[in-house]
Amino acid sequence: MSRALAAWLWGQNSRLVLWLPVALAGGIIAYFALPFEPGGAAMAGAALACIAALACRLLWPDQLAVRLGAGVVGAAAMGVLVAWGQAWRMPPFPDLPRRAVHLSGQVTGVEVQRLADGTQALRVVLRGARLEDGISMGMPPLRRWLSVRLRADDPARPMPGDTLRVRALLSPPAFPDVPGGYDAQRRAWFDGLAGHGRALERATIMSVQAGGGAAGWLAGRRQVLAARIRAALPGTEGDIAATIMVGADGVVAAPERAAYADAGLAHLLAVAGLHLAIVMGLVMVALRTALALSERAALYWPCRQIAAVGALLAGAGYVLLTGAHLPAQRSLLMAGLAVMALLAGRRPLSLRALAVAATVLMVLNPEGVAELPLQMSVAAVMALIAGFDALRPALSGWEHDDVWLRRVAARLAHPLVASVLAGGACLPVGMAHFGAVQPWFVLANLLAVPLMSVWIMPWGLAALSLMPLGLEKLALVPMGWGLGVVTWLAHLVAGLPAARIGVPAIGNAGLALFFAGLCWLCLWGGRVRLAGLAPIMLAVLSPWLVARPVIMLAPDGRMAGIVTAGRLLTGPGAHPDPFVLREWQRVTGLPAGVLPAGGTVGNVACHAGVCRMGNVVLVLASRPPAPGLCRGVGLLVNLPGTWGCEGVPSIGRFDLWRNGAYALYPQPDGGLVVRTDRAMRGARPWVMRPGGAGLPNLPLAQAE
């Protein structure tokens, strides 16, 4: 058996290097999964493991077992070190005041944000902010940036480089709404975000264009171009055009975003790999065509390489113009590696190029391993490369067949296969991050993506080239026609039966299992790769194989949710927090409802602000205990937190203040397991201390 395994591994020798990024990602994931922060001794051990792995690889280069072990151990240890170093180079969270405060800082970014009532307000990014209240006077400026939303009726129009002063109510990054859920604090830690603010008064521009450098100048040009695009092309089409041409965020209305998401077309509203590929492809075709018109250039110049470099430069300009967001930067890096491979005479798109790109991306931004954009990009590109490699013999045979129907079918099969491969690989990732499945995504993308490539983006580039002449409307109008068709298609597909199916979210362990299976399926050669289908299917089914929470408590103690009768019922009140509700629905995959003021729903009975589910009593309203309420109670959940039952374990507002969100999971014996956010996240640099969200809002005692 060992000889057979060794022979098989030697046969896969050229593919072994593809697993190094997988081991690197495994080390990064292991660091983030720890419930405690490793100390210096642990990091010294990881560094020694890297050195030992390198020494073994150099001393025994012909020993297959040594090569495999050294590669896996060294790459995993390097992943731990990279993630640890990135975490500790970030400045700590500041202790933001919990009251209204005057602050001032330099504007480095301005975005138009569409509010829930349809109005628009400006959101400004402030760096070097100073708090000007009595307690914070004299303190150094914040080392992290603040995101402040101005009032909708504020006439101020700040530009990047301006110094802004405003009175605002600040809040730190939010705690997770469910244990193991989306961690906004971790993302804010690595993004350099200090917190969010909401302006209470109109802002004052203290100095105009005091600085900002090249980044500030670009942000200002971006704001001006977005305004010109929306003026020339009003309505939804103009909002989408500004989004994909100059990276304007938050301008597309919520109903349109929801329609695009339900149709599986949300990626068209995010500037990333697709838009960059279209821009670079159009520029490359134009350059090669122009060079081919010259006989000397066509005969003596490396036209293909020149066009590729020109396309890369155009792609870099597009990324800068749209704000240089991380997804666009990752796509540009992968495009740069593809151009380098083309210049070196290698295949531009290969699994080795993807491995190099993924390694560079993870070393530069290790936190991206746990985020949606990098997961989507890697899954889609890996599936496309491996899938077309496997299907190339069949497609090539049909492309060169004597029967013209087969040739046409082969040409038409390419976009269909690409949509199925990329969409299928991203489906479990979407289940994990959104708790939803869009079954019609293939149909929508099959029509919308070609239209974006051959009509919308070419007119968009033409509009950018005509802007210096003030003639951008000549190109924006036909671009709007195409955007109108795509928007109509999004609404049509979103209105189909079962266009969006809510499903329980795949957990972190299930998502890791899916990527392990996808890597096995794509990175190995031969029939043994088909074994990767088993973990993929197990990961997709995992939400229905593990227990889901039946009771959830928000970290601020203002909202509770109970799963019963196939629904998620929340209280108190008929207007739950939409952000908390969205996260709870992602985890459970259930439709939402409201806990009744009185009566029974499923196995939950409510009366006068008190609900009972089995031996669990949930108190939603501040009231004295009723006689007999504590009889037969196994657990008391008292959101007001003013009293308890003697000898009965309880969860009150102070517990939520200390431990964050709570979730209660059913056990086979009928009991419940209590999990808290703080126990799951542990003591990490990005986990804010108890009280990071302020003191619990308790009612006053009678004496007070």
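The second largest pocket of this predicted model has a volume of about 630 Å³. Twenty-three residues line the second largest pocket, and the closest to its centre are Leu20, Ala70, Gly71, Val72 and Ala75. Two or more lining residues come from each of H2, H3, H4 and H13. Of these elements, H4 gives the largest share, eight residues. By class, the lining comprises 17 nonpolar, four polar and two charged residues.

Let me turn to H4 itself. Helix H4 covers residues 64-88, and its 25 residues should span 36 Å at 1.5 Å a residue; the end C-alpha atoms are 36 Å apart, so expectation and model agree. Which residues of H4 are buried? They are Leu64, Ala70, Gly71, Gly74, Ala75, Ala77, Gly79, Val80, Val82, Ala83, Gln86 and Ala87. As a reminder, an α-helix has 3.6 residues a turn, so residues three or four places apart point the same way. The cover over the buried residues of H4 includes helix H1 (2-11), helix H2 (20-33), helix H3 (40-59), helix H5 (184-191) and helix H13 (351-364).

Helix H13 therefore deserves the same check of length: its 14 residues should span 20 Å at 1.5 Å a residue, and the end C-alpha atoms are 20 Å apart, in agreement. The buried residues of H13 are Leu351, Ala353, Leu354, Ala355, Ala357, Ala358, Leu361 and Met362.

Next, a residue in the loop that leads to H5. Pro173 is placed between strand S4 (163-171) and H5. Is Pro173 buried or exposed? With a relative accessibility of 3%, Pro173 falls under the 20% cut-off and therefore counts as buried. Beyond four places in sequence, the contacts of Pro173 are Phe93, Ala184, Gln185, Ala188, Ala194, Gly195 and Met688. Asp154 is 19 residues from Pro173 along the chain, and their C-alpha atoms are separated by 25 Å.

I continue with three residues that sit in helices. The first topic is Gln375, in helix H14 (residues 372-399). Gln375 counts as buried because its relative accessibility is 9%. What does the side chain of Gln375 meet there? One of its polar atoms lies 2.8 Å from the backbone oxygen of Val369. Setting aside residues up to four places away in sequence, Gln375 touches Val369, Ala370, Val429, His433, Leu511 and Phe515. Val369 thus appears both in this list of contacts and as the partner of the polar atom.

Met479 belongs to helix H17 (residues 473-494). At 0% relative accessibility, Met479 counts as buried. Apart from neighbours within four places in sequence, Met479 is in contact with Ala241, Ile244, Met245, Trp455, Ile456, Trp459 and Gly460. As for Glu201, 278 residues away along the chain, its C-alpha atom and that of Met479 are separated by 39 Å.

Asp655 is part of helix H21 (residues 653-659). Its relative accessibility is 18%, and it therefore counts as buried. A polar contact of 2.7 Å links the side chain of Asp655 to that of Arg658. Outside the neighbours within four places in sequence, Asp655 has contacts with Ser650, Gly660 and Tyr662.

Finally, I come to backbone geometry. Most residues other than glycine have a negative phi, and most peptide bonds are trans. Where does the model depart from a trans peptide bond? The bond from Gly571 to Pro572 is cis, with omega near -5°. Pro572 is in the loop between strand S11 (567-571) and helix H20 (578-588).

Two alanines have a positive phi. For Ala565, phi is near 55°. This residue is in the loop between strand S10 (560-564) and S11. Ala565 counts as exposed because its relative accessibility is 58%, and the cut-off for that class is over 50%. For Ala608, phi is likewise near 55°. Ala608 lies in the loop between strand S14 (604-607) and strand S15 (610-613). At 38% relative accessibility, Ala608 counts as partly exposed.

Definitions and conventions. Residues are numbered from 1 along each chain as its sequence is written. This is a predicted model: local features need pLDDT of at least 70, side-chain atom pairs count only at pLDDT 80 or more; totals for chains, interfaces and linings use all residues. Side-chain values use heavy atoms; hydrogens and water are left out. Helices (H or I, at least four residues) and strands (E, at least two) are DSSP runs, numbered from the N terminus. The expected span of a helix is 1.5 Å times one less than its number of residues. Buried means under 20% relative accessible area, exposed over 50%, partly exposed in between (1.4 Å probe, protein chains only). Contact means heavy atoms within 4.5 Å. A polar contact is a pair of N or O atoms within 3.5 Å; within protein, one must be able to donate a hydrogen and the other to accept it, and residues adjacent in sequence count only if both atoms are side-chain atoms. On a 1 Å grid over the protein atoms alone, a cavity is a set of points where a 1.4 Å probe fits but cannot get out, and a pocket is an open set with protein on both sides within 12 Å along at least five of seven lines; lining residues have an atom within 4 Å of a point. Grid points are joined across faces, edges and corners, and a volume is the space filled by probe spheres set on the points. Ala, Val, Leu, Ile, Met, Phe, Trp, Tyr, Cys and Pro count as nonpolar, Asp, Glu, Lys and Arg as charged, and the others, Gly among them, as polar.
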